[in-house]
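User: Please take a close look at one loop residue with an unusual backbone angle, and then place it in the wider fold. Plain wording is enough.

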Amino acid sequence: MALEFDLTPKYSEKVVEGEGGEYRSWSSTQLPILSHTKVGAGRLLLHPRGFALPHYADSPKVGFVLQGNNGVVGMVLANEPKEVVLKLKKGDLIPVPLGAVSWWFNDGDSDSNDDLEIVFLGDTSQAHFPGNITYFFIAGGGSMLGGFSTDFVKKAFGMDTNEEANKLVKSQNGVLVIKLDDTKTLPKPKQNEPNNNNLVYNNLEECLKIESGFWSKVQNPNFLSWEKLGCVQII
């Protein structure tokens with residue numbers, strides 16, 4: 001007997017909202033088909049100078065930029081020593097593999113209205129809750145470091161004083177999405193570094209073979225690197 005699902009459009013649910021923007025998600029409770037297909041979905045909106053604090057998730061994801069041309073993402077891939085910093089614009093598609101730590105930033109002028117909006121789809125087959133993407137924060141209020149004692153953090157990071165450790169854990173109180181003032185700077189994108197250009201694509205038709213309206217085959221050789229990251233199956 002075939003399963004029946006409610007496929008009518010659903011609004012996403014607000015998870016967090018701040019001066020810098022918001023993050024919303026579609027839950028498997030609201031949409032049981034997400035749990036059945038083991039797909040998680042979320043939407044990140046960053047106003048100009050909006051910054052999504054460093055975090056990682058329990059699922060590999062693919063992000064699609066719906067709007068905005070001043071996006072920047074920083075990512076440290078699992079087992080890689082260097083951070084990758086990339087420019088993002090409307091129409092871009094970028095993988096976020098399992099184990100990657102990432103931050104997201106709208107580098108637009110603070111007095112502009114150029115929001116950055118990204119929708120994420122994740123493979124939650126191995127997640128804590130199939131159909132939902134769970135995030136773990138490394139900075140800000142609610143970060144994992146806040147669950148450890150100051151003395152433990154001091155020893156773990158090789159600091160000399162408790163004051164240094166306390167500053168590391170408690171200097172940022174924002175949760176997930178904050179707004180940076182114009183004096184704060186972040187690493188700049190370096191598109192010419194090896195492999196950076198293989199992580200962001202702006203024209204899927206060049207990357208995937210389309211048959212009867214569906215993507216059936218990866219055809220761009222560079223796009224094969226996504227398979228190694230465990231992200232092709234999501235799309």
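Analyst: K38 counts as partly exposed, at 35% relative accessibility; buried means under 20% relative accessible area and exposed over 50%, with partly exposed in between, for a 1.4 Å probe and protein chains only. The model is predicted, so local features need pLDDT of at least 70 and side-chain atom pairs pLDDT 80 or more, while totals for chains, interfaces and linings use all residues. Numbering starts from 1 along each chain as its sequence is written, and side-chain values use heavy atoms, without hydrogens and water.

K38 lies in the loop that links helix 1 (32-37) to strand 3 (39-46). Helices (H or I, at least four residues) and strands (E, at least two) are DSSP runs numbered from the N terminus. The phi of K38 is positive, about 60°, although K38 is not a glycine. Most residues other than glycine have a negative phi.

N79 also has a positive phi, about 65°, without being a glycine. N79 sits in the loop between strand 6 (71-76) and strand 7 (84-88), and counts as exposed at 81% relative accessibility.

Strand 3, which follows the loop of K38, belongs to an open sheet of 6 strands in the order 1-2-3-10-5-8, with antiparallel pairing. Its edges are strand 1 (13-18) and strand 8 (93-96), each pairing on one side only; two strands pair if DSSP finds at least two bridges between them. On average, neighbouring strands of this sheet are turned by 20° against each other, direction ignored, with axes fitted to C-alpha atoms. At the strand 8 edge, strand 5 (residues 61-67) is joined to strand 8 by 4 bridges, and the two run antiparallel. Within this pair, V62 stands opposite P95 of strand 8.

Now the whole protein. There are 5 helices and 14 strands, and 43% of the 235 residues count as buried. Among contacts (heavy atoms within 4.5 Å) with a separation of 6 or more, 67% are between residues 24 or more positions apart.

Inside, there are 2 cavities of 30 Å³ or more. A cavity is a set of points on a 1 Å grid where a 1.4 Å probe fits but cannot get out, and lining residues have an atom within 4 Å of a point; its volume is the space filled by probe spheres set on the points. The largest cavity has a volume of about 60 Å³. Its lining includes L44, K61 and W104.

Definitions and conventions: Axes fitted to C-alpha atoms, helices over the stretch in contact; angles between N-to-C directions. 1 Å grid on protein atoms, 1.4 Å probe; cavity = no way out; pocket = protein on both sides within 12 Å on 5 of 7 lines; lining within 4 Å.
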